[in-house]
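Colleague: I would like to learn how to read the features of a model like this one. Could you take me through it step by step?

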Amino acid sequence: MDKSMLGDLDSLPEEDKLRMSAMIDQLQIRDSLRMYNSLVERCFTDCVENFRRKSLDKQEETCVRRCAEKFLKHSMRVGMRFAELNQGAATQD
């Protein structure tokens, strides 16, 4: 967890800081799982057309790989942009 997230909580007792830290960690895990589930659902829906075999055919495999790469690149870019906006807002204060 990023310690700067707790910067405004310095006045809290140590026990409350630890509780807040644990809650933030749980939220980050939940958000990561949501992103992963969204990725799987979207790429599966877009790429898998039938269930005739246990494994993906070559076309489906290529589609899933491209879909996942695109999704992850988009998520990273959104995260970077969000960090840029946060940094800009922090320097304006």
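Modeller: Gladly, and let us start with a cut-off: a disulfide is a pair of cysteine sulfur atoms within 2.5 Å. Keep in mind throughout that this is a predicted model.

Colleague: How many disulfides does that rule give?

Modeller: The count comes to two disulfides. In general, a disulfide is a covalent bond between the sulfur atoms of two cysteines. Here, one of them joins cysteine 43 to cysteine 67, with the sulfur atoms 2.0 Å apart. The other is formed by cysteine 47 and cysteine 63, again with an S to S distance of 2.0 Å.

Colleague: Which parts of the chain does the pair of cysteine 43 and cysteine 67 tie together?

Modeller: Cysteine 43 lies in helix H1 and cysteine 67 in helix H2, which covers residues 58–92, so this disulfide ties together parts that are 24 residues apart in sequence. As for the second bond, cysteine 47 and cysteine 63 form a disulfide. That pair links distant parts of the chain, with cysteine 47 in helix H1 and cysteine 63 in helix H2, 16 residues apart.

Colleague: And what pattern do the disulfides follow?

Modeller: Counting the bonded cysteines along the chain, the pattern is 1-4, 2-3.

Colleague: Are the two bonds left-handed or right-handed?

Modeller: For handedness, look at the torsion about the S-S bond. It is about -90° for cysteine 43 and cysteine 67, so that disulfide is left-handed. For cysteine 47 and cysteine 63 the torsion is about -70°, so this disulfide is left-handed too.

Colleague: Is each of these cysteines buried or exposed?

Modeller: The cut-off to use is that buried means under 20% relative accessible area. Cysteine 43 is buried at 3%, and cysteine 47 is buried with a relative accessible area of 3%. Cysteine 67, at 14%, also counts as buried, whereas cysteine 63 is partly exposed at 28%.

Colleague: What does the protein look like as a whole, in terms of helices, strands and burial?

Modeller: There are two helices and zero strands. Of the 93 residues, 14% count as buried. The accessible surface comes to about 8200 Å², and 56% of it belongs to carbon and sulfur atoms. For contacts with a separation of 6 or more, 33% are accounted for by residues 24 or more positions apart.

Colleague: Let us turn to charged side chains. How many salt bridges are there?

Modeller: The idea is to look for a side-chain nitrogen of Lys or Arg within 4 Å of a carboxyl oxygen of Asp or Glu. By this rule there are eight salt bridges. One of them pairs glutamate 14 with lysine 17, with the closest N and O atoms 3.9 Å apart.

Colleague: How far apart along the helix are glutamate 14 and lysine 17?

Modeller: They are separated by about one helical turn, because glutamate 14 and lysine 17 are three residues apart in helix H1, residues 14–47. Glutamate 14 is exposed, with a relative accessible area of 51%.

Colleague: Which residues are linked in a network of salt bridges?

Modeller: Glu15, Asp16 and Arg19 are. Arginine 19 bridges to glutamate 15, with the closest N and O atoms 2.7 Å apart, and to aspartate 16 at 3.1 Å, N to O. Within helix H1, glutamate 15 and arginine 19 are four residues apart, while aspartate 16 and arginine 19 are three residues apart; each spacing is about one turn of the helix.

Colleague: How accessible are glutamate 15, aspartate 16 and arginine 19?

Modeller: Glutamate 15 counts as exposed at 54%. Arginine 19 is partly exposed at 45%, and aspartate 16 is partly exposed at 24%.

Conventions:
Residues numbered from 1 in each chain as written. Predicted model: local features only at pLDDT ≥ 70, side-chain atom pairs only at ≥ 80, totals over all residues. Heavy atoms only, no water. Buried < 20%, exposed > 50% of the residue type's maximum accessible area, 1.4 Å probe, protein only. Contact = heavy atoms within 4.5 Å. Areas by Shrake-Rupley, 256 points an atom, 1.4 Å probe, with all protein chains shown as cover.
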